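Reader: Before I plan anything at the bench, I would like to learn how to read the features of a model like this one. Could you take me through them one at a time?

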Amino acid sequence: MTTRILVCDDSALARKQMARALPEGLGADIVFASNGKEALELLRGHQAELMFLDLNMPEMDGYEVLEHVLKEDLPVLTIVVSGDIQPEARERVRKLGAIDFIKKPTESALILSLLKDYGFYSPSELEDTALNDSALKSDSSSATGGDISVSLNDYLQEIANVAMGRSSDLLARLLKVFVKQPIPKVAFIANSELHMAISAAQHSDTYSAVCQGFTGAGIAGEALLLFADASFKEMAEMLHYEELDGEAVNVEVLMDMSSILFGAFLKGIGDQLDLKLGLGHPTVLGQHRQITELLEHHSARDERLLCIEISYALENREIQCDVLVLLTEDSIPFLEQRLEYLVD
């Protein structure tokens, strides 16, 4: 009996990885959606009985999809597959009807175990459980068949999404808050245009910044934390400082936040690229200044940068915090090689 499966994820790489993780003996008809709206259209047309659902997507996220599935009583079982590994995220999706939760990147052994547990796969059907590269039957909303192409930007966005999930989980556990997951922005930009690509630069508020360089085999770059000055006191309170005001406290907040976010994020990047990143010493770029002034040390260089931006937001808190990961042009060949290895 054929199992009808829907894989819903905005990342082409994640859709490809999910399809490959399904066992060959499953005998599945697979359809794909790149956002929640496309997924609901397929579900309303009874195109799937099992859905693997991402949470962090444009137009309509995974939480909204689960809410519609409940409200409309759509006949589908949902397994969430997400880089957001906060305990609160797991709890919320279960309350919305998801039968299970898998962290990214997906593991074929875990997928196989879940399919067995929920009665979608029996080893007696076919003993060979090799990964099924031919299972890619359709892609995105067109569902017309063919392979899924993956760009370097998509690859980096998915890697950043998983790494962001790790740093958000650490932040959530330390502060006992829920960190809302944005979709990472990835762009090739000139140094002189860097401030134009940053969301925080659109605000008139002043910011303080700290940076930390990193290197690995074939990759190098810099991580920057841009922290809104108006957020310092509230963050100091959440970190349980005895003193909440003053320049020394502000610097301490900057250093603590950069340690929390840079460490977990860069380790997440390194783990996925299968390399160990060496970190330099964190340095305060400046305090209480406009974004353009804080980034002046980059604008003098001629090279283009590969910029990953993540705007962290704490639920029910007025805290603005942007992290930028800037990769040098020399890092691109290594990243392209890793991408080619993954998609072959």
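**Reading a helix, its pockets and its loops**

Author: Let us begin at the start of a helix, and keep in mind that this is a predicted model. Ser11 caps the N-terminal end of H1, with a side-chain oxygen lying 3.3 Å from the backbone nitrogen of Leu13.

Reader: Which residues of H1 are buried?

Author: The general idea is that an α-helix has 3.6 residues a turn, so residues three or four places apart point the same way. In this case burial takes in Ala12, Leu13, Ala14, Arg15 and Lys16, and also Met18, Ala19, Arg20 and Ala21. Because 9 of the 10 residues of helix H1 (residues 12–21) are buried, the helix is largely enclosed by the rest of the structure.

Reader: How should I read the largest pocket, and which residues lie nearest its centre?

Author: One reads a pocket by its volume, then by its lining. The largest pocket has a volume of about 520 Å³, and of the 29 residues that line it, Leu13, Gln17, Pro105, Thr106 and Leu342 lie nearest its centre. H1 supplies 8 residues, the largest share of that lining, while strand E1 (3–8), H1, strand E3 (50–53), helix H6 (152–175) and helix H11 (332–343) each supply at least two. By class, the lining has 16 nonpolar, 4 polar and 9 charged residues.

Reader: What lines the second largest pocket?

Author: The second largest pocket has a volume of about 190 Å³, and its lining includes Asp61, Tyr63, Asp84, Arg92, Phe178 and Glu315. That lining divides by class into 5 nonpolar, 2 polar and 5 charged residues. Two of the residues named here are also placed together as a charge and a ring, since the model puts Arg92 over the face of Phe178, at 3.9 Å from the ring centre.

Reader: How many aromatic pairs are there, counted ring to ring?

Author: The count comes to 1 aromatic pair. The rings of Phe227 and Phe232 have centres 5.0 Å apart and planes at 40°, so the pair is tilted. Both Phe227 and Phe232 are buried.

Reader: Pockets are open, but how many cavities of 30 Å³ or more are there, and what lines the largest?

Author: A cavity is closed to the probe, whereas a pocket is open. There are 4 cavities of 30 Å³ or more, and the largest holds about 80 Å³ of space. Among the residues that line the largest cavity are Leu156, Ile159, Phe214, Ile219, Leu266 and Val325. Its lining has 12 nonpolar, no polar and no charged residues; H8 gives the largest share, 3 residues, and H6, helix H8 (247–273) and strand E13 (321–327) each supply at least two.

Reader: What classes of residue line the second largest cavity?

Author: The lining of the second largest cavity, which encloses about 60 Å³ of space, divides into 2 nonpolar, 4 polar and 3 charged residues. Asp10, Ser11, Asn56, Glu158 and Asn161 are among the lining residues, and Ser11 is also the residue that caps H1.

Reader: Where is Lys104, and is its position buried or exposed?

Author: Lys104 lies in the loop between strand E5 (100–103) and helix H5 (108–117). With a relative accessible area of 7%, Lys104 is buried, because buried means under 20%. The side chain of Lys104 makes a polar contact of 2.6 Å with the side chain of Asp9, and another polar contact, of 3.0 Å, joins the side chains of Lys104 and Glu158.

Reader: What is the backbone doing around Lys104 and Pro105, and which residues other than glycine have a positive phi?

Author: Most residues other than glycine have a negative phi, and most peptide bonds are trans. Here a cis peptide bond joins Lys104 and Pro105, with omega about -10°, and Pro105 belongs to the loop between E5 and H5. Positive phi values are found at Lys176, near 55°, and at His240, near 65°. Lys176 lies in the loop between H6 and strand E6 (179–180) and counts as exposed at 73% relative accessibility. His240 lies in the loop between helix H7 (232–238) and H8, and with a relative accessible area of 68% His240 is likewise exposed.

Methods
Residues are numbered from 1 along each chain as its sequence is written. This is a predicted model: local features need pLDDT of at least 70, side-chain atom pairs count only at pLDDT 80 or more; totals for chains, interfaces and linings use all residues. Side-chain values use heavy atoms; hydrogens and water are left out. Buried means under 20% relative accessible area, exposed over 50%, partly exposed in between (1.4 Å probe, protein chains only). Helices (H or I, at least four residues) and strands (E, at least two) are DSSP runs, numbered from the N terminus. A polar contact is a pair of N or O atoms within 3.5 Å; within protein, one must be able to donate a hydrogen and the other to accept it, and residues adjacent in sequence count only if both atoms are side-chain atoms. On a 1 Å grid over the protein atoms alone, a cavity is a set of points where a 1.4 Å probe fits but cannot get out, and a pocket is an open set with protein on both sides within 12 Å along at least five of seven lines; lining residues have an atom within 4 Å of a point. Grid points are joined across faces, edges and corners, and a volume is the space filled by probe spheres set on the points. Ala, Val, Leu, Ile, Met, Phe, Trp, Tyr, Cys and Pro count as nonpolar, Asp, Glu, Lys and Arg as charged, and the others, Gly among them, as polar. Rings of Phe, Tyr and Trp (its six-membered ring) pair if their centres lie within 6.5 Å; planes under 30 degrees apart count as stacked, over 60 as edge-to-face and the rest as tilted. A charge sits over a ring if NZ of Lys or CZ of Arg is within 6 Å of the ring centre and within 35 degrees of the ring normal.
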